[in-house]
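Please look at the structure below and consider how its parts meet one another. The report that follows describes two interfaces in turn.

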Amino acid sequence: MGRSSYYHPDTMALHSGYVPESDYGSRAVPIYQTTSYVFDSVDDASSLFNVEQGGHIYSRISNPTVAVLEQRLAALEGGSGAICTASGMSALFTTFITLCSAGDHIVSSGQIYGSTATLLRHTLKRLGIETTFVSINDQGALEGAIRANTKMVFCESIGNPGLEVANLPQINSIASQYGLPVVVDATFAPPGLCNTIESGANVVVHSATKWIGGHGAAVGGVVIDGGNFDWEASGRFPELTEPYEPFHGIKFWEEFGPNALAMKIRAESMRDIGACMSPNNAFLLLQGIETLNMRMKQHIANTKDMVQWLQSQEQVTWVNHPDLPSNPSNVIARELFPNGAGSMLCFGVVGGRAGGGAFIDSLKLASNLANVGDSRTLVLHPGSTTHSRLTHDAMVAAGISEDLIRVSVGIEGIKDIQADFANGLRAAQHVAESQS
Amino acid sequence: MKLMVNGYEAHVATGGKKFEKNLPTVLFLHGSGLDHRSWALQTRWFAYNGFGVLAPDFPGHSLSKGAPCVTIEDSGKWLADFLDAMGVREAHVVGHSQGFLSALELSKLRPTALKSLIGVGTAAAIPVNPMLIETAGRSPMKAADLMLQWGFGHQTQMGVSATPGMQPIAIGRQIMGNNPLAIDLQCCADYWGGVDAVGLVTAPSAMILAGQDKMTPIKAGLAIADHLQAKLVVLKDYGHMLPIEAPKQVLVALREFILSVEKQIGASSSS
């Protein structure tokens, strides 16, 4: 079970990671817009480089503003540590490359974000890391895909865009039998909606760009070490249990235990890959976190209303949301997301692909763009954008049909969203009528 | 490194460098339910600056095998056996909380084994509420939660960390919740020999105490410092978990004291 703070999550969202500084008493987290930090002395510099003390050396490795965001996100997820990165994709790449080497293997859910699927299917394969895609809630398929060289089970807590909720307790139960960590991209389930670590994740990744930031103003990602995986008992991770030559032969597990992975990412990936978050972006994301819980309540309320409303519209052919009994993962969704399984929904309209296009082009309030989790309502046609690189079979496996419209429900007045969508549905109706 | 002590494998951290017994040794002892990682940000400096470092996990804790010691006296005996197994005759002994009680027992058994004695966030007796021990027996994680709420000072409770990006409460929770916390707490509750043991200490000593310590209140530590005529350092803004929440300040205090003792030893041996 993960826990990093004894304050209420609403309090953590406002305070964790920062107390006003003694020098100036700045109440807001200051933006440390600096590349580097003056050492007290040669000995001080030496001890920082040798991890004899904590502190900042160079902003590619760590930065005080970014560290506040890291500590706040670790607190909200109940993790032992967090590393922020330039984007959600760099958080994923950093996680994969820290735990896997050439010759290793990943078992992944087939229902994941298109760019993540491409990273696994093509980019990591080019580096000698293979991935087997499975239907993640199919116990037999998951267990059958695990090999001697498998390093992790990867899934999204709510799959993008098919909205299948991963059965994290069941996945953890299978993965732990084989000494495998469960790595979860929880972007669609920001902290507060689901206790991802308690439910079975060992590592949690977020694109902080989405609900965490919430305002569409900054790109960023985070890897959160759950601190609940025994890397030594697993026997599969010499990267963490054996001497690491570039750091005087340090053994991360022996030295740091529950935060071994976070420390390894800091020491290796941030140094070598350098996909660091800018302090200004960290500041913007911190502003978003302060109101995350309040925004999520409105996101969820609007989503519930929109799901009901769409179901009552004759131009809508189907609606998908994990809270609906028709969603195959509805039972586990209700268990893991007692207050509502997020603010993403999908639906189809009359007129198929052309009808979907007409719907989107007719919207005035909702924005047609490749992002989710903004406070504003966003729509997208994945088949021609985020998932366009996938083959037909891969699209089907990812739960995508040609008419699928993905909606990230915002926090505007619900009547205004519905009025905008009503215009779009009328446009789809015209297309359908012209086809008949 | 691993070594056998009394027939069981013990894990001892050496600060990231191979232990050299011809160097002055510093022995770091962890507190209840914790392990060598309490000292992660002190041990490396000593190992890389002319000392041999030993930070063992007590038996049955984290990476050490064997049954946990059931009395403080047993843990003192285990330390003597451990030093014998390492071939170490004397060391600067640093004990956090319960680790200091074990150090006192080592001092009683082997007065000459202590070049110096340093207590960190501790006292000569650590009474424990029976309800906490009972809770630890039923649910170590729940007891760890209670101890971490009392153990860390305000800054750590607010999620501030000396190591960027890390969350000491979650780290401590994972370690304490999986170690024999109830046995450790019972050891502390049953131990009343500390004051007598303090009276027998002849080695130079220091006490590093926390102003916000709710587990071993500072007045108890100050009394021991007075009794020992110890060098006293009070870190007023921190709680009981000093080595973790104020690692740099603890390191500065430790190195100033240990270097001064080494200097005195060097001066007296050359005169």
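In this predicted model, the side chains of Arg44(B) and Glu255(A) meet in a salt bridge, with 3.2 Å from N to O. The count of salt bridges between chain B and chain A is three, and there are also 14 residue pairs in polar contact between these chains, both residues being at pLDDT 80 or more. On the side of chain B that touches chain A, the elements giving two or more residues are helix H1 (40-47), helix H5 (140-151), helix H6 (154-157), helix H7 (168-177) and helix H12 (247-270) of chain B, and the largest share, six residues, comes from H7(B). The residues of this side divide into 17 nonpolar, 14 polar and five charged.

A second interface lies within chain A, which is divided into domain 1 (9-288) and domain 2 (292-435), and 29 Å separate the centres of these two domains, taken over C-alpha atoms. Here the rule finds zero salt bridges, but it finds twelve residue pairs in polar contact, both at pLDDT 80 or more. Helix H5 (114-126) and helix H7 (168-177) of chain A each supply at least two residues of the side of domain 1 that touches domain 2, and the largest share of that side, five residues, comes from H5(A).

The size of an interface is often given as the accessible area lost when the parts come together, and the table lists this area.

| Interface | Buried area | Share from carbon and sulfur atoms |
|---|---|---|
| Chain B and chain A | about 3400 Å² | 54% |
| Domain 1 and domain 2 of chain A | about 3000 Å² | 62% |

In domain 1 of chain A, Leu163(A), Leu193(A) and Trp211(A) lose the most area to domain 2 of chain A, together 25% of what that side buries.

Technical notes: Residues are numbered from 1 along each chain as its sequence is written. Chains are lettered from A and ligands numbered from 1 in the order in which they are written. This is a predicted model: local features need pLDDT of at least 70, side-chain atom pairs count only at pLDDT 80 or more; totals for chains, interfaces and linings use all residues. Side-chain values use heavy atoms; hydrogens and water are left out. Buried area is the accessible area (1.4 Å probe) that two parts lose on being put together, summed over both. A salt bridge is a side-chain nitrogen of Lys or Arg within 4 Å of a carboxyl oxygen of Asp or Glu. A polar contact is a pair of N or O atoms within 3.5 Å; within protein, one must be able to donate a hydrogen and the other to accept it, and residues adjacent in sequence count only if both atoms are side-chain atoms. Helices (H or I, at least four residues) and strands (E, at least two) are DSSP runs, numbered from the N terminus. Ala, Val, Leu, Ile, Met, Phe, Trp, Tyr, Cys and Pro count as nonpolar, Asp, Glu, Lys and Arg as charged, and the others, Gly among them, as polar. Domain bounds come from an automatic or database domain assignment.
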